[in-house]
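Work through the exercises below with the sequence and the structure open. Try each task before reading its solution.

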Amino acid sequence: MYAEYKRDMSHNYLILHGENPVDTSSYQVRMLTGNAVPSILKCRIQGLDGYFLFYYDITSRQSLASFYEQKKLQVSDIRLIFGGVVKIMEEMMEFLLNPDQLLLSPEYMYLDVEKQKMYFCCLPGEPKTISEQFREMTEYFLPKLDHEEASAVTMGYGIYRKALENGICLEMIKEIIYRNVPETSERRDEETKPVEEPLECLVLPEEKVPDPGEKKAEKKRKTIDGRILWIGGCALGVFLLLGVAVACYLGYLPEVPIEAVLLAAIVLLGIGALGSWLSKKNQKKKNETLEWRQKVKKEIAGKSEKLENFQSSCKNVSQDTKPHEYHKSESSDESFGFGKNLYTGGEKREEENYGETMLLSSGSVKGPASLVSREPGELATIFLEQDLTVIGKLENAADAVIPRATVSRVHARIRKEEEGYFLADLNSRNGTSVNGRLLRANEEYQLQDEDEVDFAEARYVFIK
């Protein structure tokens, strides 16, 4: 079997070349191309020189081989993977399909990160049996178990022991992966509780952070109460004015003309409507200002540590470097956003050292590589400090979040090695390009200084 990848305008495809001839009129192939099995990737067949190519749509989905390349398997991951295998096996039996046609290699098993759902490839004529493939799959994942989590090790090796037996007993696999689910789920919920950030602590220092649903309900209740109060006040004012108008009409208030009363009523209603509109506008502005301040404070809190590290590194360099050398490295400091000299009296020191030739790199401190937005103020800078940085718009799956609609949930990744930084597109819908060239599927590009990198419409410059 031979595999390749192809990209068109908005889709990514995995193309499999089968080694054996395929009967396209058979029930198995018709069910495959009809996309009747929910857990099988959408597939179409194309003939080429007497052979048939199977095109699987892998847009916005990640192969397990790439997703778990540098990630350890925990209990939740084991349940997701092997639970998906159990589900596809049950679906194959339901549709009377041969399970030996499944491909249980991690390169051909795909994960929808947002939906947390597994998808598989099915290739007619696959020579390996499903039992052999299942055993090889468990052997592949054993070294990736998180050995700091005892339950993950127990579950992983329990499945491996079952895989060594003849055949696959789905009930036994289900018993292993779903054993003690309530207890584990409760512990997982406790472990995944959001940690209160400094900004939230400033707003609610002694109170429990409210649930988003409760916030919406409270906001809706306040809005309804405000409308009821405003309508009740307007109605009361109208009734009072009507009472005055009736009194004038009956002659109890002969000195007050009825036209003046009606005009006053209209004016009061207009003032009330204007006041309500201004109040709503001010409240909306306050909410937007509060959200903006929280966003800015989060960015400052995230970058404060980097700034402290930079300043401490400058202080360490100052202990081993002559004072006049810092004045000469002013340009290097500006590259990090600091335009002021680290020492005052720069002109005097320059005069004292007149005639000396100083290195431009003297006293400079190099920061981490980063992606800087080509649209200043639009997108935050992405610092490439980790060995693997995943870029996308899904906060739970991406290390660097780009809040753009055209960016995929898991869009691209950048791998840091000793040789440099390597960029790869992760089957995104709108693609990733470098210097105007769209990256091919499964292609890794070594980034060079000042390369222009586009994640769909999010435009950056790579600074090494």
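The exercises that follow use a predicted model and deal with its cores, a surface patch and its cysteines.

**Exercise 1.** Find which residues touch the most other members of the largest nonpolar core.

Solution. Start with the core itself, which has 54 residues. Within this core, Y56, M109, F134 and I159 touch the most other members. Next, look at where the core residues come from: helix α3 (residues 75–94) gives the largest share, ten residues. Then take M109 and leave out residues up to four places away in sequence; its contacts include L64, I81, V85, L103 and F120. Finally, turn to a second, separate core of 21 residues, with I402, A412, V434 and L447 among them.

**Exercise 2.** Decide whether I271 is buried or exposed.

Solution. First locate I271 in helix α10 (residues 258–320). Its relative accessibility is 53%. The cut-off for exposed is over 50%, so I271 counts as exposed. Together with L263, V267 and L268, I271 makes a nonpolar surface patch of about 390 Å².

**Exercise 3.** Work out how many disulfides the model has, and check C43 and C122.

Solution. A disulfide is a covalent bond between the sulfur atoms of two cysteines. The test requires the two sulfur atoms to be within 2.5 Å. For C43, the nearest cysteine sulfur is that of C121, 8.2 Å away, and C43 is in no disulfide. For C122, the closest cysteine sulfur is in C43 at 8.4 Å, which is too far for a bond. The count of disulfides is zero. As a last step, apply the cut-off for buried, under 20% relative accessible area: C43 counts as buried at 5%, and C122 is buried at 2%.

Key: Residues numbered from 1 in each chain as written. Predicted model: local features only at pLDDT ≥ 70, side-chain atom pairs only at ≥ 80, totals over all residues. Heavy atoms only, no water. Core = buried A, V, L, I, M, F, W, Y, C linked by side-chain atoms within 4.5 Å. Buried < 20%, exposed > 50% of the residue type's maximum accessible area, 1.4 Å probe, protein only. Helix = DSSP H or I, 4+ residues; strand = E, 2+ residues; numbered from the N terminus. Contact = heavy atoms within 4.5 Å. Patch = residues over 30% accessible without salt bridge, like charges linked within 9 Å, V, L, I, M, F, W, Y side chains within 5 Å. Areas by Shrake-Rupley, 256 points an atom, 1.4 Å probe, with all protein chains shown as cover. Salt bridge = Lys/Arg side-chain N within 4 Å of Asp/Glu carboxyl O.
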